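User: Please take a close look at the packing of one helix and at the empty space beside it, and then set that part in the context of the other helix contacts and enclosed spaces that can be described.

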Amino acid sequence: MSTLPKVSVITTTYNDAANLERVMDQVARQDYGNLEYIIVDGGSTDGTLELIRGMEKRMPGRVRWISEPDGGIYDALNKGIRLASGEIIGCCFDRYADNNVITRMVQAMEAEGTDGVHGDLYYMDGERIVRRWHQGQGSIRSGWLPGHPTLYLRKEVYDRFGLYRTDYRIAADYEFMVRILYRKQVRLSYLPEILIYMSYGGTSSGSIGAYLQSLREGHRALRENHVPFAWFTDLCRIVRVLVQFI
């Protein structure tokens, strides 16, 4: 029996078969030996289910999935977390830097005895790098936070702190990270290398309006988690984002 902790990787999707096929291929190529793949579909009608069934054949016994209407991406992520049987949980919506990423992440967590791991990422427009996320380690108070697509956590973190709040439309991932990291109750390993190539133009970065809403929700997250002088952290976050484009 494998001594490696089981890792559950979650992908959420809805009527996006072409992109799902690319993402599934990325997960299947990972060389980690104890991997479970969770696919949460919102009830697609574009051939997504046929792709998922094909993935079951490619990764026999390691795919779990559900297809039904949901309340958006954070509701879908929560469904995936509830389905997951792994000791470590992460997500995949884009492209791993190589086929060894999950192995290196788990090795760092196991060697350092931490609750999770994160690393660097590039935002991509096709093959062009438009934003570089190199935040290292830091504090929520100073505007720092992990790159969410690179954040893999032990399941017990979700058991202790709860899931994503579905009353946030854009920044539930930020609220969750503030909740678990502000008081330093969760320890993370950091890999100072590119782990994920992420498509630019997602929910929070697709337009100026979306970015402003993300900032408003982020400010709310700070206040609801009792971070003092939330405006200062807001300003630090903006500066950190701006320097990522240099």
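Analyst: A crossing of two helices is called right-handed if the near helix is turned clockwise from the far one by less than a right angle, and left-handed if that turn is anticlockwise. The model discussed here is a predicted one, and in it helix H1 passes helix H2 in a right-handed crossing.

Two packed helices are described by the angle between their axes and by the distance between those axes. For H1 (residues 17-29) and H2 (residues 48-58), the angle is about 10 degrees and the axes lie 10 Å apart. Since angles under 35 degrees count as roughly parallel, H1 is therefore roughly parallel to H2. On the H1 side, the contact is formed by Ala-17, Leu-20, Glu-21, Met-24, Asp-25, Ala-28 and Arg-29, which meet Thr-48, Leu-51, Ile-52, Met-55 and Arg-58 of H2. Sorted by class, the residues of this contact comprise 7 nonpolar, 1 polar and 4 charged.

H1 also takes part in enclosing open space, namely the second largest pocket, to whose lining H1 gives the most, with 4 residues. This pocket has a volume of about 240 Å³, and its lining is made up of Asn-19, Arg-22, Val-23, Gln-26, Phe-93, Asp-94, Arg-95, Met-124, Gly-126, Glu-127, Tyr-197 and Ser-199. Besides H1, strand E9 (188-199) is an element that gives two or more residues to this lining. The lining of the second largest pocket divides evenly by class, with 4 nonpolar, 4 polar and 4 charged residues.

Two of these pocket residues, Phe-93 and Asp-94, lead on to closed space, where they also line the second largest cavity. The other residues around that cavity are Cys-91, Cys-92, Pro-149 and Ile-196. The space in the second largest cavity comes to about 40 Å³, and its lining contains 5 nonpolar residues, no polar ones and 1 charged residue.

A search of the whole structure finds 2 cavities of 30 Å³ or more, and the largest cavity holds about 60 Å³ of space. Cys-91 belongs to the linings of both the largest and the second largest cavity. Around the largest cavity, Cys-91 is joined by Ile-10, Leu-77, Ile-81, Ile-89, Gly-90, His-148, Leu-151, Tyr-158 and Tyr-164. Helix H3 (73-83) and strand E4 (88-91) are the elements that give two or more residues to this lining, and the largest share, 3 residues, comes from E4. By class, the lining of the largest cavity has 8 nonpolar and 2 polar residues, with no charged ones.

A second helix contact can be set beside that of H1 with H2. Helix H6 (residues 172-181) and helix H7 (residues 208-224) pack at an angle of about 25 degrees, their axes being 9 Å apart, so H6 and H7 are roughly parallel to each other. H6 passes H7 in a right-handed crossing. From H6, Tyr-174, Glu-175 and Val-178 make the contact, and from H7 the residues are Gly-218, Ala-221 and Leu-222. This contact of H6 with H7 counts 4 nonpolar residues, 1 polar and 1 charged.

Definitions and conventions. Residues numbered from 1 in each chain as written. Predicted model: local features only at pLDDT ≥ 70, side-chain atom pairs only at ≥ 80, totals over all residues. Heavy atoms only, no water. Axes fitted to C-alpha atoms, helices over the stretch in contact; angles between N-to-C directions. Parallel < 35°, antiparallel > 145°, perpendicular 65-115°, else oblique. Contact = heavy atoms within 4.5 Å. Nonpolar A, V, L, I, M, F, W, Y, C, P; charged D, E, K, R; others polar. 1 Å grid on protein atoms, 1.4 Å probe; cavity = no way out; pocket = protein on both sides within 12 Å on 5 of 7 lines; lining within 4 Å. Points joined across faces, edges and corners; volume = space filled by probe spheres on them.
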